[in-house]
Amino acid sequence: MGGGVVGLSVAYHLARLGVDEVLLVERNRLTSGTSWHAAGIVGPLRASMNMTRIAAYACELFPALEAETGQSTGFRRTGGYWLAREPARMRELRRIAAMGEICGLDVETLSAGEIAAREPCVDAAGLVGGLYVAQDGQANPVDVCMAYAKGARAGGVEIREGEACVGVDMRNGAVHGINLSSGEHVRCEKLVNCAGAWAPAVAALAGVPLPLQAVEHMYVVTEVINGLPDPFPVLRDLDGGIYVKGDAGKLVLGGFEAEAKVWDAQGADSEHPFLVLSEDWDQFAPFMRAGLERVPMLNEAGIAHFMNGPETFTPDSRQLLGESPFVRNFFVAAGMNSTGMMSSAGIGRALAQWVASGAPPMDLWEIDVARFDHRHCTRDYLTARMREAVADVFAMHWPLKQPGAGRDLIRSPLHERWRKAGAVFGAPAGWERPLWYAADQAERTLPHSYDAQPWWPIAEREACTVRDAVGLFELTPFAKFDVTGSDALAFLQQLCSGDTDVPAGKTVYGQFLNARGGIEADVTVTRDGENAFRIVSGAATRWRDLRWLRRQLARLGLQAEIADVTESEAVLGVMGPASRKLLRRLCNSDFGNAAFPFATSQRIELAGVALRATRVSFVGELGWELYVPTGDAVRVYDALTGAGRPLGLMHAGHLALDACRVEKGFRHWGHDIGPDETPLQANLAFTVAWDKPSGFIGREALLEARTADQSKRLTQFAVVDAHPLLLHDEPIYRDGRCIARTTSGARGFRTGLSLCFAYLPTRGGLDAALEGQRYEIEVAGERFALRPLTRPPYDPAGARMRA
């Protein structure tokens with residue numbers, strides 16, 4: 001659905017894969033939605049490795065597509081600059097430059113003086129520096145579309161213009177066909193929604209919510225400027241919110257503004273092809289001023305054209321890709337956030353491979369449509385987010401920066417209790433969740449930084465209390481699924497790499513794997529009865545994990561029911577050496593090791609409330625997770641805090657929890673493990689039940705890999721005598737050569753170490769990779785020595801959480 005640059009790319013790549021019977025439907029004419037007025041910038045450098053791989057493919061494909069089809073794409077390399085006005089921005093750019101090195105791009109870090117010397121047309125006043133990316137370029141959006149269309153038709157794709165999808169036929173929760181405005185019914189196995197600004201309307205036909213909003217997006221084109229350099233480099237004045245590019249002797253100036261003007265894709269004028277919206281010089285004025293300041297020759301140029309057209313943005317300014325978690329075989333490629341033409345090559349190839357094979361070709365979690373809750377799709381929420389989301393494309397991407405607009409989407413039943421306790425909330429996955437607890441007003445409003453984090457002393461206070469006494473964590477956002485039915489055990493035995501055929505009350509830590517042995521989910525499974533199981537996974541992956549469960553159940557054809565019970569229970573983490581003493585004060589159950597061993601779960605009554613207590617720990621201390629019916633959560637919380645006060649109980653936030661898990665060497669799905677990593681590579685082979693009679697998805701791939709030399713292995717490092725800010729994707733060097741990137745990192749407050757994970761190339765074994773080697777990490781252009789660790793630095797034997 002959709003004959004713009006993304007839809008045409010998907011169709012073209014499906015044809016290249018040899019997929020038969022591909023139909024592309026465009027309600028008006030090809031390119032007539034938003035593709036025709038795209039600015040045409042091609043910029044391969046992104047903030048993460050996989051997104052850089054997606055974007056960089058355009059630099060390879062566009063010239064090849066032109067050679068293949070004979071249709072010009074207008075692609076040319078011009079080089080481009082990322083400009084910084086503030087020192088903090090420059091630190092951010094140095095981190096991004098490291099990603100360019102990892103991905104093989106030619107990226108230079110420049111001073112303001114070097115930029116001025118290279119580009120006399122740029123006024124470098126007020127700049128502190130920038131990056132130069134040699135691979136930056138541009139292409140003609142309409143020409144790219146026509147080349148895709150020509151290549152797709154040559155591969156057997158049927159393209160229909162002037163027909164709209166007016167209905168989606170569903171069978172058993174899956175796409176079965178579509179109804180066209182011509183009255184024709186088309187039977188189809190899979191539907192790919194590439195309808196751009198109109199994608200939510202197409203999705204609604206199938207009952208699929210889509211978190212995407214169209215806004216008015218503006219740029220101006222000058223008259224021909226005599227003496228304009230050719231090629232003119234792409235300029236991104238990030239702190240000014242603008243971009244400038246050359247266009248056949250003219251300049252194009254545009255930007256990404258706060259308080260973007262929402263456009264109604266279902267309004268009266270939305271059906272018109274090649275739609276141009278009214279000029280708005282008041283809205284555009286800040287960009288014009290910034291452009292005149294940065295490129296003085298604009299002052300002498302007349303404006304030939306003011307372009308205002310619809311463009312689509314998502315709440316987090318990242319694309320929407322993949323199969324909907326709500327309807328099987330309904331795929332989405334939309335919400336390009338003004339990077340549609342540039343992204344089209346990589347997005348089209350990745351989604352075509354996903355559609356054709358039934359699985360994504362690489363880890364695409366950061367743009368997976370399943371990262372959003374259905375509540376992210378309401379008009380009120382999306383309108384609120386557009387106050388920030390458009391500007392966020394060029395805004396500072398501060399570590400742990402939280403959205404300001406569109407908050408309070410999903411609250412725990414204990415939200416007010418956490419707030420009164422001093423919680424400073426973030427909103428990961430839409431849930432309001434305490435990041436830390438402020439002792440006074442000064443700790444509530446801490447500045448952002450790319451250096452030492454001002455919240456570190458607070459998280460240290462909380463982590464050390466968890467080590468010495470008892471901490472109370474908000475864990476309600478955990479995804480929680482109950483699997484029941486006659487085939488529940490058979491289903492989970494197939495799904496989980498661990499053995500779930502255990503006694504009732506036993507909790508199993510394991511992974512759900514794909515056919516390649518990659519980790520699709522990192523979970524605990526608790527057996528609650530003969531045919532009843534509870535699955536717990538991460539908050540952010542709720543809808544992704546539910547999609548995986550449902551797809552596998554349908555594929556296996558087993559008799560089981562999956563119930564999402566995430567919001568029916570609050571979850572309190574009671575963690576620390578005094579946790580047993582605290583629970584004994586409120587409950588008559590025996591919490592001793594013999595009666596309540598590690599990795600078990602029991603139904604108990606605490607403060608008069610029946611609840612589930614599970615003895616596991618993500619922080620590496622003695623502790624329990626308490627699963628409480630939402631209506632009783634406040635009562636249980638009040639009892640715990642009242643009885644815990646004499647024991648030194650302290651509230652502890654998400655950042656302290658993450659620091660503790662890194663010290664324990666615990667992996668985080670989405671950073672340290674994912675679909676491209678196996679349990680063998682992640683040092684999780686201890687979770688695999690190799691010999692269970694049922695087998696499991698991915699077993700054959702693991703068995704083959706088990707006898708082979710592992711190409712990479714997850715390794716933990718400590719920074720030597722320093723505490724740089726460790727996030728993820730920092731390059732790691734072995735004897736001066738870049739050989740890996742970090743997957744996650746944190747400052748450990750119980751050990752006093754700054755720690756990170758990375759997958760090292762380990763042909764010949766891990767010992768050979770570590771022995772006698774000199775390791776370093778680069779953080780914002782500065783190198784630090786690393787010490788590889790063969791065991792987690794905090795309680796490596798796990799004695800504390802099993803005490």
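This briefing covers a five-stranded sheet, a buried strand, two helix contacts and two individual residues. The model is predicted: local features require pLDDT of at least 70, side-chain atom pairs count only at pLDDT 80 or more, and totals for chains, interfaces and linings use all residues. Residues are numbered from 1 along each chain as its sequence is written, and side-chain values use heavy atoms, with hydrogens and water left out. Helices (H or I, at least four residues) and strands (E, at least two) are DSSP runs numbered from the N terminus.

**The five-stranded sheet**

- An open sheet is formed by five strands in the order β24-β25-β26-β23-β27, with antiparallel pairing; two strands pair if DSSP finds at least two bridges between them.
- Its edge strands, β24 (507–513) and β27 (561–564), each pair on one side only.
- On average, neighbouring strands of the sheet are turned by 30° against each other, direction ignored; axes are lines fitted to C-alpha atoms, for helices over the stretch in contact, and angles run from 0 to 180 degrees between N-to-C directions.
- Five bridges pair β25 (residues 519–529) with β26 (residues 532–537) in the antiparallel sense, and Thr 524 has Val 536 in β26 as its bridge partner.
- Helix α13 (residues 542–556) lies across β23 (479–484), β24, β25, β26 and β27, and runs at about 170° to β27.

**Strand β17 and its partner**

- Strand β17 (residues 303–313) is largely enclosed by the rest of the structure, because eight of its 11 residues are buried; buried means under 20% relative accessible area, exposed over 50%, and partly exposed in between (1.4 Å probe, protein chains only).
- Strand β13 (residues 213–222) is joined to β17 by 10 bridges, and the two run antiparallel.
- The bridge partner of His 217 is Gly 309 in β17.

**Helix contacts of α2**

- Helices α2 (residues 49–69) and α8 (residues 340–357) pack at an angle of about 95°, with axes 7 Å apart.
- This makes α2 roughly perpendicular to α8; angles under 35 degrees count as roughly parallel, over 145 as roughly antiparallel, 65 to 115 as roughly perpendicular and the rest as oblique.
- Residues making this contact (heavy atoms within 4.5 Å) include Ile 54, Tyr 57, Leu 61 and Phe 62 of α2 and Met 341, Ile 347 and Arg 349 of α8.
- By class, the contact of α2 with α8 has 11 nonpolar, three polar and one charged residues; Ala, Val, Leu, Ile, Met, Phe, Trp, Tyr, Cys and Pro count as nonpolar, Asp, Glu, Lys and Arg as charged, and the others, Gly among them, as polar.
- The axes of α1 (residues 5–16) and α2 come within 14 Å and cross at roughly 70°, which makes α1 roughly perpendicular to α2.
- In α1, Tyr 12, His 13 and Arg 16 meet Tyr 57, Leu 61, Leu 65 and Glu 68 of α2.

**Asn 50 and Glu 388**

- Asn 50, in helix α2, counts as buried at 10% relative accessibility.
- The side chains of Asn 50 and Arg 53 make a polar contact (3.0 Å); such a contact is a pair of N or O atoms within 3.5 Å, where within protein one must be able to donate a hydrogen and the other to accept it, and residues adjacent in sequence count only if both atoms are side-chain atoms.
- Beyond residues up to four places away in sequence, Asn 50 touches Met 362, Asp 363 and Glu 366.
- Glu 388 lies in the loop between α9 (379–385) and α10 (415–420) and counts as partly exposed at 23% relative accessibility.
- A polar atom of the Glu 388 side chain lies 3.1 Å from the backbone nitrogen of Gly 404, and one lies 3.1 Å from that of Ala 405.
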